[in-house]
Number of protein chains: 2
Amino acid sequence: MPEFEPTDKSTLRQHPQRARYDRETVHAILDEALVCHVGFVQNGQPFVIPMNCARDGERLLLHGAPASRVVRVLATGAPVCITITLIDSLVVAAEASHHAMNYRCVMIFGRACEITDPVEKRAALVRFVEHFLPGHMEHTGPLRDADVAAVAVLAIPLHEVSAKIRAVPPSPDTARTPPRWAGQIPLRLIALPPAPAPGNTAPLPLTLVSFTRPGLLSL
Amino acid sequence: MPEFEPTDKSTLRQHPQRARYDRETVHAILDEALVCHVGFVQNGQPFVIPMNCARDGERLLLHGAPASRVVRVLATGAPVCITITLIDSLVVAAEASHHAMNYRCVMIFGRACEITDPVEKRAALVRFVEHFLPGHMEHTGPLRDADVAAVAVLAIPLHEVSAKIRAVPPSPDTARTPPRWAGQIPLRLIALPPAPAPGNTAPLPLTLVSFTRPGLLSL
């Protein structure tokens, strides 16, 4: 696949050396995402709504309540900006003003289409389960028609997209005697052992016994 | 302090039982935040930019490069929506369509003011260090005047604000024999041991030996 073509909106101007426009980098960040932040405009007012997302090839899927503001506005094809941010470390510099973070983020500009075809919609919802709970669809069986009908599903094509990655350690302190410490505090997301719901009588399914997905550190 | 008064924009309409308008809840979520997503409009186009943030009493602080789009637009007093989202667990239901997430989020509507007074600006930047690296200012000494001058600092008053918290387990499966598992996979952010920068010769400062801050699980 060709790289994303940077546009006026998607070209990174601050620290352009951190920009990535290749699909592999963008896909890897999206595939780790638990949440995206969806920005849209209503009557001149910006809104930023956290939503679950799942990549399906060259598009990003969202779902929500049909009555919600974000679904109603996006379904009209209004311009949207979707941002996904993963934090990798706190960068601790020798100078307090040089503290920073290492992170990976993706920004997607475009317009959403609502998926209304029941077959395509069902497949999109299965993608969500696979994104968050890989392999777990086998345990729960197919989605019910009424549940598929009750939710709105939106797709945004990956077309006007950029990634930005900061992955640099701080400079060591060579100016002072004794020197000040400089380095990173790596941050990771971990899954604690699954906690059964009150009243659950079923054994933990195999798919959750040693649960992992992209972006989760396995202990 | 009185609760935040829900406005047309900040009133939660989807799952209103999950809404919180009290300051204690909002403050606690903001104090865990490593990143916020800042939404604004330029020429009708929404932008969502991930930024570091720090709460300073009843306002949220942001900082950025003076030349960046987000700083330039926010400094004009344009309307802004800032969203902070913390993910607590994957909710695994017996029915695939009932999978969910437990999370806490805050949404702030308002307009930013740029902090230009050097004394107030310096104090605001110190708040950022205290937010991310509690106690660490002692190790690095004061910020340099040139560094304070080089960055833009913005403040958004906590005035039109709501929190939304989902913290419910799934229902146990009572419909099937044998039943399907229902429960949660708790997710936590952890700090790995500090990694010195290449060339660092200084010992790890005491503030980082057993580093912790709100929202980080200590192992």
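Trainee: How many residues does each chain bring to the contact between chain A and chain B, and what makes a pair a contact?

Mentor: Chain B gives 75 residues and chain A gives 75 residues. Two residues count as in contact if their C-beta atoms, placed from the backbone, lie within 7 Å. This is a predicted model, in which local features need pLDDT of at least 70 and side-chain atom pairs count only at pLDDT 80 or more, while totals for chains, interfaces and linings use all residues. Residues are numbered from 1 along each chain as its sequence is written, and chains are lettered from A and ligands numbered from 1 in the order in which they are written.

Trainee: Which element supplies the largest share of the side of chain B that touches chain A?

Mentor: That is S11(B), with nine residues. Strands are DSSP runs of E with at least two residues, and helices are runs of H or I with at least four, numbered from the N terminus.

Trainee: Why are strand S11 of chain A and S12(B) called paired?

Mentor: Pairing requires that DSSP finds at least two bridges between two strands. Two bridges join S11 (residues 183-191) of chain A to S12(B), so the pair meets the definition. The two run antiparallel, and Gly183(A) has Pro196(B) as its bridge partner.

Trainee: What makes S4(A) and S5(A) a pair?

Mentor: Strand S4 (residues 53-56) and strand S5 (residues 59-64) of chain A share four bridges in the antiparallel sense, and therefore qualify. Arg55(A) stands opposite Leu60(A). The two strands form a hairpin with two residues between them, and Gly57(A) in the turn has a positive phi of about 65°.
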